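Got your viewer open? Load the model, switch to a cartoon view, and follow along stop by stop.

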Amino acid sequence: MDEVVVVGYGTQKKVNLTGSVASITPETIENRPITQTSQALAGLTSGVTVSQSSGRPGGDQASIRIRGVGTFSGAGSDPLVLIDGLSASINDVDPNNIANISILKDAASSAIYGTRAANGVILIETKRGKKGVTQVAYNGYVGWLKATELPDFLDSWDYAIMRNEADKNSGFSATYDQNDIDKFRNGSDPDNYPNVNHLKDLVTSGSGFQTGHNVTLSNGGEKLSYFFSLGYLHQEGIVEQNDYSKYNFQLNIDNQILSNLLLKANLSGYASTTNEPYTGDGDMSRMIGMSVRENATIPGRKSDGTYGYQDLFCPEGWLDSESFRKENYKNFTGGVELSWEPLKGLSFSGKVGYNYSNYYNKRYISTMVFDANKTYSPNSLNVSNGNTTLTTLQFIAKYSKDIEAHHFDILLGASQEEYITNWGEAYRQEFPNDLLYELNAGSTNGQTASGSGGEWGLRSFFGRLNYSYMDKYLVEVNARYDGTSRFPSSGRWDLFPSISLGWRLSEESFIKDNIEWLNNLKLRASWGKLGNQNIGNYPYQNSISLGVDYPFGNNMSSGAAVQTLANRNISWETTSVFDLGVDFTVLNGMFDVTFDYFDKRTDDILYNISASSILGMTPSEVNAASVKNTGIEASVRYNTNIGNFKLHLAPNFSYYKNQVTSLANGQNRDIDKGLFVGESLNAIYGYVTDGLFVDQADIDNYASQPYNAEPGFVKYKDISGPDGVPDGKVDATYDRKVLGSTIPKFSYGINISGEYKGFDFSLLLQGLGGYKKQMGSYQAYAFYNSGNIQRWQMENRWTEENPNPKAQYIKLTSLNDGAGTTMTSDYWLRNGTFLRVKNLQIGYTFPSNITQKVHISNTRIYFSGQNLFCINNFYQGWDPELSQGQSFYPITAVYSLGINLKF
C-alpha cells in the first residue's frame, strides 16, 4: 500500500495515482543476458508492445509501442524516454544500473511532457547510493548465441531434381542429367558438384560468444552518497568478423550541502565499436539475405582458391576479402540539479543537462577476385562522421499543503531544450592496395564529399495540481504550454492539458468496515491532449537545394532552386486520450489487479497530398489525416508462500483496435501506403484465393484471372465487379480487399518466479497476436530469380501426380518479379501470432555462513536462457518477429552462465 511510483517530475504513492502508470522493478530484468534495455520490457506489462526484429550485435534493439501505433507519418510512434529526467535513448542506460522504470500510458500521466508525449513516456531512474556501509558488487556472465530458427534448404542433389521438375513445368529442357545428380550426391567432385548450405555456413561461421561484466561501488552517509558503476559488453556475432564491444560508466552523487540544500549529479557515458564484414552489394545483413538465394549447387571456396558466385553474391569470398564496416560511437550525458527547501512543503530546484554523442564510421570494399572470369573493382572507401548535442535547462517549484482532510500538491515549472546536429561524409576509390584504407590514399577520380547540419529548440511552461480529500477522492490537473522552432511563429505555441479523477472506494466505511479481505479498490477516469513535434526541422520554410544545373547559352551552369513548396500552416499532430481504469488489491496483497479501457485519437497527421506536375515543385506534407486506437489492458500480480516456497505470478494482456478514421480531401484509401479508412494501419491489400487450379478445365470454368493462369497456380476469387457483384472477371480494381494488418492486435506475457531454500527460478513468456505477415522473394518463393528452394516447399508442392487444390505450395516453376501467381493474396499470408519463452533463469544462492568466511556477503550462480523457444504457425524455418526483406540478421537465442557477488 506504500509503494511509490515515479511520475513526471516527481513521485506518488501508487494508491493515489489517477493516471495509467506501469512500474517495472530491477528484479524483473536482473541477470538476463540482454544487450539493449529496450529488450527488457518485452512481456512485463500491459499496454506495451515490444518486438525485436534482429539479433545483430549492436543492432539488436527492440521497437516499443505504447497503446498501439498512433500515426503513419514521419513523426513516428516511438515513446519519449527520460533517463534521470533528461531526454535520451532507452538503450543509452545499462540495465544493471536501473533502479526503476515507469511507463506513462495515458494522457493524464503524460500531458506534463506535452508536445513529445503523444506516444507515451518511459521514465527511468538509475540507482543511487544508500546510507550504510560501502557495498561492492560484481555481476558477470558468459554465453553463446545461435539463430532461433533457420530455413531448411535442399541438398544439391534434391535441388537438381526439383530444378528439373520446374524446368519441365515451364516447358524447358532439364538443367541436370542423372550423372550430374549422382555426382552431387556422392560428393566425388566438390568443386564442380558441391553441396553447400551457404546460409547455414555463414550464420555459424562466427563463435557467437557473448560476455558481460558490471562492477558497482556505492555508499551513503549523512552528507554524501554515491553510486559508481563500470560495465563491459562484448558480443561475437554468429557471422565471422562480426563483433560488438561497449564500455559504459555511471556516476550518481548526492550531496546534502545544508539541511535544506541538496545537490545531485548524474554522469554517464559509453563508447562502442562495431565490426562487420562488407560486400560490393551491401552490408552484412545484405550478405545474409542474399545467401538465402544461393542454392547448394553453387560452390563456396574451391580447392584452387577461387569462388563460386551468383551475380556479386559470394559470402565465402567476401568473408575472405579485406572488406569491412567499422562503426565507432561515443555518448555522454551529464545532469546537475540543485534543490532548496526554504520552508516545509515548499521547494525549488534547477537542473542543467547536457548530452553529447559522436560517431565515426568507415566502409571499405576491397578488390574481389571471384575467379579468372570475374573480378569486382575498383576498391573504395566511405567515411562518415557526425555529432549531436542536446542542452536542457529546467526550473521547478513545488508546494505541498494539508488543510484538515484536504491535501494539495502544486508543481510549476519551465524548461528549454536545444538540439544541434552536424555531419559529414567523403568517398574515394582506386586505392593502391587493400591494406591502406585512409582517404588520402585513394584516387581523386570520382571522389565525393557532402555534409550538413540542423537544429531545433523547444521552450515549455508546465504545471500540475493534485488534490485529495480524506485520501478517498482524488483529482489531478496537468497543463503544458509548448513552443517549438519547428513551426511558424503564428502557430508555434500550443496548450496540452489533462484532468484525471480517482475514487478509492475501499476507504468508504460501507466497504472498509464490512469487506476485510479487500485492501484497495480504486476507480480512475482521465482525459488529456498530447502533441507530436517530430516533423523535421524546417517544414514551413522554403529550403533552397544547391547543385541544380541549368543551361545558360551553350553551357550547363550550377544553380539553386526551391524544389519543395513549403507549408506555412503546418502544425502539431495532436493526440487525445480517454481512459477508464480500476485497481484492486485483496488478501493483504496476494492478488493485485489493474484493468484499463482507453480511447486514443490522433488528429492532424501529416500526409503527402498529390499535386499536378504543372506545379513544378513537390508539395509539403499537410495536417490532413486521423487514426484511432481503442483497447483494453489487464495485469495481475499474485504472491503466495507455501511453507518455504515463495511463488510469484504476473500475467498481463492487452487488446488494441487500430483504425484509420480519415485521410486528406475525403479520400477513403491510399493503396500504395496501405491506408484505408475504417481499417488498421499497415493494411495488407490483395486478392482472396480459392486454393490452386487443378487442371485446364478448372481454369476454363472459373472466373478469368488477372494473369496467364496455369494448373497448380493460385486461383483468385471474383468477389465483385463494376455493379458491385461478381462479374466473371478478376481484376485489381474490384477484386482486392484488405486481408489483414502487420500491426498486432494482442500483446501478452507472464512472469513466473519462485524461491526455495537458496534456489530460485524465473520464467518469462511473451507474445504478440492478431496480425499477419507475408514473406517475399527469396524467403517465400522457390526458384525466385534463380533462387533456392526450401524443404517445406518441396514436400508440400502441387504436382501433376497429386494436383491438390489445397497444397501449401504452388507448382514449381521459375518465378521472377511480377509473376502473376505471387501477387499479394491470402495464399501467401501467414499468421504472425507467437508465444516465446523470452527468458528462463535458474539460480542458487550459497548460504551466507559459508560465503562470509571469505568476506563475501552474497554469492549467487545462475543459468539463463534468452529467446529459448517460440510457438508459432509461421513459415517453416523463419522467426515471425524477423524483419522482412532481402536484408536481415537472424534473431538469436542466448545461453549463459553467470555469477553475482556482493562484498
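Here is a walk through some strands, charged pairs, rings and backbone oddities. Keep in mind that this is a predicted model.

**Stop 1: a five-stranded sheet**

Start by selecting residues 80–83, which are strand β6, and residues 121–126, which are strand β9. These two run in the parallel sense and pair over four bridges. For one rung of that ladder, pick I83: its bridge partner in β9 is I124.

Now widen the view. β6 and β9 belong to an open sheet of five strands, and the order across it is β3-β8-β9-β6-β7. Its pairing is mixed. Which strands sit at the edges? Those are β3 (21–24) and β7 (86–87), each pairing on one side only.

**Stop 2: a strand with two partners**

Next, select residues 132–147, strand β10, together with residues 209–220, strand β11. They pair in the antiparallel sense over 11 bridges. Show Q135 and you'll find S218 as its bridge partner in β11.

Leave β10 on and add β47, residues 892–902. β10 and β47 pair in the antiparallel sense too, over 11 bridges. Here L145 is the one to click: V894 in β47 stands opposite.

**Stop 3: salt bridges**

How many salt bridges does the structure hold? The count is 40, and we'll visit three of them.

Show the side chains of R67 and D579, which meet in a salt bridge with N and O 2.7 Å apart. R67 is in the loop between β5 (63–66) and β6, while D579 is in strand β30 (residues 573–586), so this pair ties together parts 512 residues apart in sequence. Both R67 and D579 are buried.

Move on to D320 and R301, another salt bridge, where the closest N and O atoms are 2.6 Å apart. D320 is in helix α6 (residues 315–320) and R301 is in the loop between α5 (284–291) and α6, 19 residues away in sequence. D320 is partly exposed, at a relative accessible area of 35%.

For the third, select E710 and K811: their closest N and O atoms are 2.8 Å apart. E710 is in the loop between α8 (696–700) and β39 (714–716), and K811 is in the loop between α10 (791–795) and β44 (830–831), so the bridge ties together parts 101 residues apart in sequence. Are these two residues buried or partly exposed? E710 counts as partly exposed at 26% relative accessibility, whereas K811 counts as buried at 7%.

Before leaving, select R67, K105, K522, R524, D579, D583, D596 and E633 all at once. Salt bridges with shared partners join these eight residues into one network.

**Stop 4: aromatic rings**

Time for rings: the structure holds 45 aromatic pairs. Zoom in on W878 and F888, whose ring centres are 5.6 Å apart. Why is this pair called edge-to-face? The planes are at 70 degrees, over the 60 needed, so the label fits. Both residues are in the loop between β46 (858–872) and β47, and the pair ties together parts 10 residues apart in sequence. W878 counts as buried at 2% relative accessibility, and F888 is buried as well, at 4%.

For a bigger group, select Y778, Y781, Y784, W792, Y809, Y827, W828, F874 and Y875, which form one aromatic cluster.

Charges can sit over rings as well. Show K246 and Y270: K246 lies over the face of Y270, 4.4 Å from the ring centre. Then try K673 and Y607, where the charged end of K673 is over the ring, 4.7 Å from its centre.

**Stop 5: cysteines**

Hunting for disulfides? The count comes to zero. You can still look at two cysteines: C314 is buried at 2% relative accessibility, and C870 is buried at 15%.

**Stop 6: backbone oddities**

Select S377 and P378, which are joined by a cis peptide bond with omega about 0 degrees. P378 is in the loop between β18 (374–376) and β19 (380–403).

Next comes N31, not a glycine, yet with a positive phi of about 70 degrees. N31 lies in the loop between β3 and β4 (48–51), and is buried at 16% relative accessible area.

End at H855, also not a glycine, with a positive phi of about 65 degrees. Look for H855 in the loop between α11 (848–851) and β46. Turn on the surface here: H855 counts as exposed, at 68% relative accessibility.

Conventions
Residues are numbered from 1 along each chain as its sequence is written. This is a predicted model: local features need pLDDT of at least 70, side-chain atom pairs count only at pLDDT 80 or more; totals for chains, interfaces and linings use all residues. Side-chain values use heavy atoms; hydrogens and water are left out. Two strands pair if DSSP finds at least two bridges between them. A salt bridge is a side-chain nitrogen of Lys or Arg within 4 Å of a carboxyl oxygen of Asp or Glu. Buried means under 20% relative accessible area, exposed over 50%, partly exposed in between (1.4 Å probe, protein chains only). A disulfide is a pair of cysteine sulfur atoms within 2.5 Å. Rings of Phe, Tyr and Trp (its six-membered ring) pair if their centres lie within 6.5 Å; planes under 30 degrees apart count as stacked, over 60 as edge-to-face and the rest as tilted. A charge sits over a ring if NZ of Lys or CZ of Arg is within 6 Å of the ring centre and within 35 degrees of the ring normal.
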